[in-house]
Amino acid sequence: VDVDTTTINTIKPFEWLTSSESIIPIIESLDIPEKRAALHVGCGSSTLGEALITSDKLQFQLVANIDKDEETLERMKERWLSSKINMETTPQEKTTNRMQFRCMDWCCVGDDDDCNHPLFDNQEFNLVL
């Protein structure tokens with residue numbers, strides 16, 4: 001995987017409400033099934049999606065990060081790929097967890113009240129942030 005490391009450090013994590021470290025214990029206290037998938041709406045440059053996947057206790061299999069700023073999402077993707085490369089030192093350690101990045105303004109999806117938007121391939125989420 002080719003990663004442009006020149007822009008990775010230019011995106012600084014920003015949390016709108018509070019830090020990922022303070023939200024993780026709350027999420028850990030929830031009764032979430034073993035097959036864990038999170039939809040992170042308006043993710044910006046937050047590290048929460050990364051924390052959901054890399055947390056030893058939570059181990060989410062999928063985090064779909066949604067934001068309307070394409071440039072921020074691209075830099076977040078680069079940051080994730082860079083950290084994932086650092087985590088996967090041997091083929092046996094490769095994670096099966098997935099991080100998705102989708103550029104969209106949720107308000108513009110339409111009148112449909114459910115989450116069956118084609119970008120999600122009918123994925124069910126058991127945590128929405």
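Where does Gln-59 lie? Gln-59 sits in the loop between helix 3 and strand 2, and we will come back to this residue in one of the close-ups below. Please keep in mind throughout that this is a predicted model.

**View 1. The whole chain, with its 4 helices and 4 strands.**
Let's start with the overall picture before zooming in. Reading from the N terminus, the elements follow the order α-α-β-α-β-α-β-β. The protein has 129 residues, and 38% of them are buried. Its accessible surface comes to about 8300 Å², with carbon and sulfur atoms contributing 50% of that area. Among the contacts with a separation of 6 or more, 78% link residues that are 24 or more positions apart.

**View 2. The open sheet, with strands in the order 3-2-1-4.**
Here the 4 strands are shown together, and their pairing is parallel. Strand 3 and strand 4 are the edge strands, each of them pairing on one side only. Strand 1 (residues 37–41) and strand 2 (residues 62–67) run parallel and are joined by 5 bridges. Strand 1 also pairs with strand 4 in the parallel sense, this time over 2 bridges.

**View 3. Strand 1, a mostly covered strand.**
Of the 5 residues in strand 1, 4 are buried. Leu-39 is a handy landmark to look for: Ala-64 of strand 2 stands opposite Leu-39, and so does Val-128 of strand 4. The next pair to find is His-40 and its bridge partner in strand 2, Asn-65. To get from strand 1 to strand 2, the chain passes through helix 3, making a right-handed β-α-β crossover.

**View 4. Helix 2 (residues 20–28) and its buried face.**
Which residues of helix 2 are buried? They are Ser-20, Ile-23, Ile-24 and Ile-27. Looking down the axis of helix 2, you will find its buried residues within an arc of 110°, so they line one face of the helix. A little helix geometry is useful here: an α-helix has 3.6 residues a turn, so residues three or four places apart point the same way. The buried residues of helix 2 pack against helix 3 (48–54) and strand 4 (127–128). On the face turned away from the buried side, Glu-21 and Ile-26 are exposed.

**View 5. The largest nonpolar core, made of 19 residues.**
Within this core, the residues with the most contacts are Ile-27, Leu-52, Phe-60 and Val-63. Two or more residues each come from helix 2, helix 3, helix 4 (70–87) and strand 3 (98–103). Helix 3 supplies the largest share, with 4 residues. Apart from this core lies another one, of 7 residues, including Ala-37, Leu-39, Leu-62 and Ala-64.

**View 6. The surroundings of Ile-27, a buried residue of helix 2.**
This view moves in on one of the residues with the most contacts inside the largest nonpolar core. Which residues is Ile-27 in contact with, leaving aside its neighbours within four places in sequence? The partners are Ile-32, Leu-52, Leu-58, Phe-60, Leu-127 and Leu-129.

**View 7. Asn-65, a residue of strand 2.**
Is Asn-65 buried or exposed? Asn-65 counts as buried, because its relative accessibility is 1% and the cut-off for buried is under 20%. Leaving aside neighbours within four places in sequence, Asn-65 is in contact with His-40, Cys-43, Gly-49, Leu-73, Met-76, Met-99, Gln-100, Phe-101 and Arg-102. One of these, His-40, is also the bridge partner of Asn-65.

**View 8. Gln-59, in the loop between helix 3 and strand 2.**
Now back to the residue we opened with. Gln-59 has a positive phi of about 45°, although it is not a glycine. With a relative accessible area of 44%, Gln-59 is partly exposed.

**View 9. Asp-105, in the loop between strand 3 and strand 4.**
Asp-105 is partly exposed, and its relative accessible area is 31%. Look also for Ile-66, which lies 39 residues from Asp-105 along the chain. The C-alpha atoms of Asp-105 and Ile-66 are separated by 8.0 Å.

Conventions. Residues numbered from 1 in each chain as written. Predicted model: local features only at pLDDT ≥ 70, side-chain atom pairs only at ≥ 80, totals over all residues. Heavy atoms only, no water. Buried < 20%, exposed > 50% of the residue type's maximum accessible area, 1.4 Å probe, protein only. Arc of directions from axis to C-beta. Contact = heavy atoms within 4.5 Å. Core = buried A, V, L, I, M, F, W, Y, C linked by side-chain atoms within 4.5 Å. Pairing = 2+ DSSP bridges. Right-handed = clockwise from strand over helix to strand, strands pointing away. Areas by Shrake-Rupley, 256 points an atom, 1.4 Å probe, with all protein chains shown as cover.
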